[in-house]
Amino acid sequence: MSIAENLQDVYRRIRAAESAAGRQPGSVQLLAVSKTKPAEAVREAWQAGQRAFGENYVQEGVDKVQALADLAIDWHFIGPLQSNKTRIVAEHFHWVHSVDRLKIAQRLSEQRPADLPPLNLCLQINISGEDSKSGISLSELPALAHTVATLPNIQLRGLMCIPAPCTDPAQQRLPFQQLATALNALQHDLPQLDTLSMGMTDDMDAAIAEGATWVRIGTAIFGARNYA
Ligand SMILES: *Cc1c(COP(=O)(O)O)cnc(C)c1O
């Protein structure tokens, strides 16, 4: 199957899951995760109508941003971010989904170029409490969210998570439900928050059932990856 056909399948799956959950058509956006895939694969997806792409590695992502500068792409950074790489991310991306400490948010805020609109941020939650995963705990969330929301040049949009892998569809929903509940609680003081970045190739239906607004899909669009 071509990238264009895969994309059509994923769009259909999203529309079906929205409808099954009684959600508005179009309430879930597709982030095409192009990590490890060449710029030409991104171009092919763009030609098939996809506009938002996610990258995990700073240098690889920036190389693609530059190689595809002729296309109007919305670039999202979704990988672990070290403080010595924040400037290049602040300069080249529209969103960062993986903010997990104040220092990173402060640097992105300070380094966002003045001629660009605010950088959209999500806070990453380590929802399954795995040692191997980045992200903050739900107990750390309220304090961090309230502080990040005051920073200039960035717009705090919501929450992101990568749950521990799980194949049972009912079990898959639990961490997504927790993330949705956490967003709901924050919206009391921060009503501008509107984003739940959750759901990948193997759990997108469960995430949409629990309120995902962005699903981050790589394998189902671009095929299996050889690494990472
Ligand atoms: C790789 C990756 C994805 C996409 O995963 P697939 O299972 O290939 O759909 C989504 N989110 C993050 C943060 C990733 O690193």
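I looked up where the ligand sits in this predicted model, and found it in the largest pocket. I noted a volume of about 670 Å³ for that pocket.

Next I listed the lining. I counted 31 residues along the largest pocket, and those closest to its centre are Lys133, Ile162, Pro163, Met200 and Arg216. I then checked which elements give two or more residues to this lining, and wrote down helix H7 (169–186) and strand E8 (214–217). H7 supplies four residues, the largest share. By residue class, I sorted the lining into 13 nonpolar, 12 polar and six charged residues.

I turned to the ligand's own shell. I found 13 residues around the ligand, with Lys35, Asn56, Thr201, Thr219 and Arg225 the closest. I split this shell into six nonpolar, four polar and three charged residues.

Then I went through polar contacts to side chains. For Asn56, I have a polar side-chain atom at 2.7 Å from a ligand oxygen. For Arg225, an N or O atom of the side chain is 2.8 Å from an oxygen atom of the ligand. For Arg216, the partner on the ligand is a nitrogen atom, and a polar side-chain atom lies 2.9 Å from it. I note that Arg216 is also among the residues closest to the pocket centre, while Asn56 and Arg225 are among the closest to the ligand.

Last, I looked up how much of the ligand is covered. On its own the ligand has 390 Å² of accessible area, and the protein covers 92% of that.

Methods:
Residues are numbered from 1 along each chain as its sequence is written. This is a predicted model: local features need pLDDT of at least 70, side-chain atom pairs count only at pLDDT 80 or more; totals for chains, interfaces and linings use all residues. Side-chain values use heavy atoms; hydrogens and water are left out. On a 1 Å grid over the protein atoms alone, a cavity is a set of points where a 1.4 Å probe fits but cannot get out, and a pocket is an open set with protein on both sides within 12 Å along at least five of seven lines; lining residues have an atom within 4 Å of a point. Grid points are joined across faces, edges and corners, and a volume is the space filled by probe spheres set on the points. Ala, Val, Leu, Ile, Met, Phe, Trp, Tyr, Cys and Pro count as nonpolar, Asp, Glu, Lys and Arg as charged, and the others, Gly among them, as polar. A residue is near a molecule or strand if one of its heavy atoms lies within 4 Å of it. A polar contact is a pair of N or O atoms within 3.5 Å; within protein, one must be able to donate a hydrogen and the other to accept it, and residues adjacent in sequence count only if both atoms are side-chain atoms. Accessible areas come from the Shrake-Rupley method with a 1.4 Å probe; for residues, only the protein chains shown count as cover. A molecule sits in a cavity or pocket if more than half of its atoms lie within 2 Å of its grid points.
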